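Reader: I should like to go through the terms applied to this model and ask what each of them rests on. May we begin once the structure is shown?

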Amino acid sequence: MNKVLLITAAMIAATTALGARNVATTVWFKQPAQTFHESLPLGNGRIGASVFGGVDEERMVLNESSVWSGSRVDNDIPGGYEHLPEIRKLLAEERYREAGQLTKKHFSSREKPVMGRGIGTFGRYQNLGNLHLAFSDGKGDVKNYRRELDLETGLATVTYKRGKTSFSREYFVSAPDEVFVSRLSGPVSFTVAMDRPERFETTAVGDRELLMTGTLNDGKDGDGLSYAARLRVVGGSVKAEGNTLVVNAKDEVLLLFAAATDYRGMAGRQLTDPVAATADDLDKVAKKSYAKLRAVQKADHEKWFNRITLSLPETNNSKLPTDQRLAGYRAGNADPSLAALFANFGRYLLIGSSRPGGLPANLQGIWADELHTMWNGDWHFNINVQMNYWPALVCNMVELHEPMISLIESLVEPGQKTAKAYYDAPGWIAHRATNPWSYTSPGMMDLGSAAWLCEHLWEQYAFSLDKQFLRRAYPTMKGSALFFLDQLWEGPDNNWLVTGPSKSSETAGKAPNGDRSSPCYAPTMDMQALRQLFANTLRMAEILGVDKALKEELKAKRARLAPNQIGPDGRIQEWIKPYEDTETTHRHLSPLYGLYPYYEITPETTPELAEASRKFLDKRGVGQSTGWANAWKINLWARLGDGQKSWDFVHQMLLDNCYDNMFSQFRPPASPKSRRIFMIDANFGLTSGVAEMLMQSHERIENGRVKSEYCHASSDTDPQFSTFNFQSSIPLIRILPALPKQWPAGKVTGLLARGGFEVDIQWKDGKLVECVIRSPLGGSCTVRYANRTEELKLKKGESRKVFASVS
């Protein structure tokens with residue numbers, strides 16, 4: 001009786017504390033989850049768990065980042081380069097259908113990614129399994145149920161009362177200890193089981209452990225990757241019954257879960273014996289107290305999450321459970337803080353799915369409840385994996401960007417073979433999508449996507465100024481530049497250098513002869529990405545003092561790249577010629593790459609191109625769309641300085657692209673193809689978009705010109721078109737560049753600007769109240785708010801308030 005009273009008292013105290021939770025960092029419900037999209041996701045970058053919180057039966061979806069079917073094979077088919085002259089001749093003559101036929105024939109691979117429900121050697125990311133707890137310890141009605149995820153500390157909780165007994169459960173996944181921990185307080189009585197849809201065997205190991213093992217399909221109907229999942233019960237009395245455990249405890253019991261695979265590739269643990277590894281992981285933590293396990297996990301999680309704080313105004317709607325809160329918002333109830341929760345949730349998911357030394361966050365981060373994940377749960381790099389990492393730098397989590405770097409580096413060696421086999425070219429190339437075995441073969445021909453990847457190499461340096469990292473990244477950047485330098489060819493109508501065969505991602509224009517321009521040559525995005533790639537390679541080489549001849553070639557060829565063009569309709573042109581747009585509301589916004597994430601188009605430096613970009617967005621970027629497309633639009637409108645348009649798409653995502661647990665939804669509910677699909681990229685894209693609305697950092701502007709190395713040409717007669725200054729520029733930090741009226745007040749701290757500056761901003765009544773700039777590294781920057789500008793030169797560790805009299 002005393003223990004029950006103590007538990008009840010603790011529950012009352014906990015409930016009081018829960019009631020005071022931050023509405024911008026808490027996801028909570030008054031009922032268990034019925035679907036995966038209502039579960040509470042936990043992760044340490046490698047192990048994922050999704051908590052449903054059932055009362056009679058608890059289900060937890062289990063994930064491990066390297067659980068992939070498929071296998072490493074050589075998919076290249078040599079000889080495509082022999083047909084490049086003919087393909088390029090057809091492209092130049094606008095005979096796109098014939099060029100496409102030849103490209104498909106000679107630039108294919110032995111086996112392409114399987115996008116349906118089939119199995120191939122490319123493989124797909126899979127659910128590891130499910131952990132089931134069947135309870136027999138309660139009778140009567142359930143009262144005071146609450147299921148909560150605390151984003152700030154990475155803790156999920158379930159609390160309720162049944163009869164006269166109060167129950168509580170706590171869950172977290174620890175990165176330092178490599179385990180998923182569950183604490184159940186009661187008294188409790190339940191049976192534990194583990195399973196997955198296929199290829200598994202679960203056995204009891206003694207009376208306190210379950211071990212689930214299996215080997216996945218290698219794509220050739222053989223055995224591929226092997227995995228192990230092990231659960232150990234600490235406390236209470238436990239008895240094995242077949243392949244389950246029966247647990248009874250008068251007060252509390254701990255469940256410790258470890259998982260491992262024998263994946264050996266771009267990153268991860270590189271194990272050969274996952275069964276032994278899981279036993280070792282559990283042995284290391286079995287004697288640690290719950291308090292110690294929790295303290296270590298909490299400190300580890302908070303060191304990332306607390307680098308940023310974000311709050312927006314609260315309303316009565318903000319106090320509701322998350323599903324009711326979303327429903328109220330969709331019914332018209334104001335709730336600015338809901339956008340802050342959505343943005344903070346993106347940061348939380350990156351902490352949970354991307355850690356140094358591990359695999360990068362895939363299309364679902366690490367959370368998946370099925371074997372046949374959509375688009376293989378892979379790494380698409382015609383926007384998706386890049387968007388996954390958009391918030392990493394600006395949200396001050398530079399270290400969590402490292403898995404993205406490892407992904408890019410992993411493509412170099414196989415990409416060199418692919419470049420030689422298909423193009424007879426130096427350097428390396430990859431084609432739109434890859435897997436854990438670094439697939440680089442063609443099949444999807446939007447070449448600029450590989451250059452886009454390399455943006456992340458420079459940007460990590462731009463935010464961190466880490467020269468050791470620069471030395472590491474330069475060979476990869478150089479290899480990409482070498483490939484594209486070799487593959488440029490002179491277009492038919494002028495002396496511009498162009499790419500091709502290539503694509504403007506997943507769409508095509510209509511040529512005068514009726515052909516669809518897919519493949520095409522010189523899509524606008526390719527040219528923008530190559531201007532950025534060549535500029536960043538040059539700047540790296542200059543800083544490192546290497547490759548003088550290469551720098552000269554980069555300068556010369558960069559000056560001849562086909563420029564941005566404005567079509568007859570006033571919009572930025574997507575293709576080399578003003579073809580009819582065959583999909584006027586298509587999800588991809590490829591010719592706006594130069595606006596975001598690149599910044600060769602800005603309202604200040606290229607007003608005509610900025611206006612042409614605005615017109616493109618006004619036509620292409622309207623109506624319901626995919627989650628990631630709407631997230632991209634938030635960032636694009638922010639770069640144009642239009643806070644209202646940015647907010648429109650934050651609003652649209654909360655209406656159409658957000659599940660009850662805040663996972664992003666690929667398609668809007670009303671779509672004809674309304675299968676409920678979770679894709680994590682939009683979560684990350686929204687987070688970066690909110691950051692862009694509040695703070696941007698780019699190149700310094702003087703007298704309407706950018707004082708930097710970047711070329712902002714719209715034609716080859718532009719005086720900047722052939723000039724190039726590779727010296728580092730002083731970053732311009734814009735404060736509240738796209739603030740919407742719906743966020744009249746708020747505060748954000750810890751945003752990271754290029755040059756390593758940290759920025760705190762507070763505003764009220766739509767106007768800046770306080771801005772503090774900190775410089776952990778030391779350096780100079782220009783800070784701008786509205787029409788006011790201040791120049792700062794800060795010592796290492798110095799901070800300064802700016803615009804002190806602005807309010």
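Reader: Why is Asp765 called exposed?

Author: The model is a predicted one, and in it Asp765 has a relative accessible area of 64%. Exposed means over 50%, so Asp765 is exposed. Asp765 belongs to the loop between strand S29 (757–764) and strand S30 (767–775). Its phi is near 55°, a positive value in a residue other than glycine.

Reader: What makes Met662 buried?

Author: The relative accessible area of Met662 is 0%. Buried means under 20%, and Met662 is therefore buried. Met662 also has a positive phi, near 80°, and is a residue other than glycine. Its place is in the loop between helix H18 (643–656) and H19. For the protein as a whole, 64% of the 807 residues count as buried.

Reader: Why is H7 called oblique to H19?

Author: The axes of helix H7 (residues 336–353) and helix H19 (residues 681–694) cross at roughly 125° and come within 8 Å. Angles of 65 to 115 degrees count as roughly perpendicular and those over 145 as roughly antiparallel. The crossing angle of roughly 125° belongs to neither range, so H7 is oblique to H19. The crossing of H7 past H19 is left-handed.

Reader: Which residues make the contact between H7 and H19?

Author: H7 contributes Phe342, Ala343, Phe345, Gly346, Arg347, Leu349, Leu350 and Ser353, while H19 contributes Asn683, Phe684, Leu686, Thr687 and Val690. By class, this contact of H7 with H19 has eight nonpolar, four polar and one charged residues.

Reader: Where are cis peptide bonds found, and what are their omega values?

Author: One joins Gly500 and Pro501, with omega about 5°. Pro501 is in the loop between strand S21 (497–498) and strand S22 (509–510). Another cis bond runs from Ser518 to Pro519, with omega near 5°. Pro519 is located in the loop between S22 and helix H14 (524–544).

Reader: How many helices and strands does the protein have, and why is it called as compact as a globular protein of its length?

Author: The secondary structure comes to 19 helices and 33 strands. The radius of gyration is 27 Å, and the globule rule gives 28 Å for 807 residues; the two values are close, so the protein is as compact as a globular protein of that length. The C-alpha trace spans about 85 × 70 × 50 Å along its principal axes. Among contacts with a separation of 6 or more, 69% are between residues 24 or more positions apart.

Technical notes: Residues numbered from 1 in each chain as written. Predicted model: local features only at pLDDT ≥ 70, side-chain atom pairs only at ≥ 80, totals over all residues. Heavy atoms only, no water. Axes fitted to C-alpha atoms, helices over the stretch in contact; angles between N-to-C directions. Helix = DSSP H or I, 4+ residues; strand = E, 2+ residues; numbered from the N terminus. Parallel < 35°, antiparallel > 145°, perpendicular 65-115°, else oblique. Left-handed = near helix turned anticlockwise from the far one by under 90°. Contact = heavy atoms within 4.5 Å. Nonpolar A, V, L, I, M, F, W, Y, C, P; charged D, E, K, R; others polar. Rg over C-alpha atoms; globule rule 2.2 N^0.38 Å. Buried < 20%, exposed > 50% of the residue type's maximum accessible area, 1.4 Å probe, protein only.
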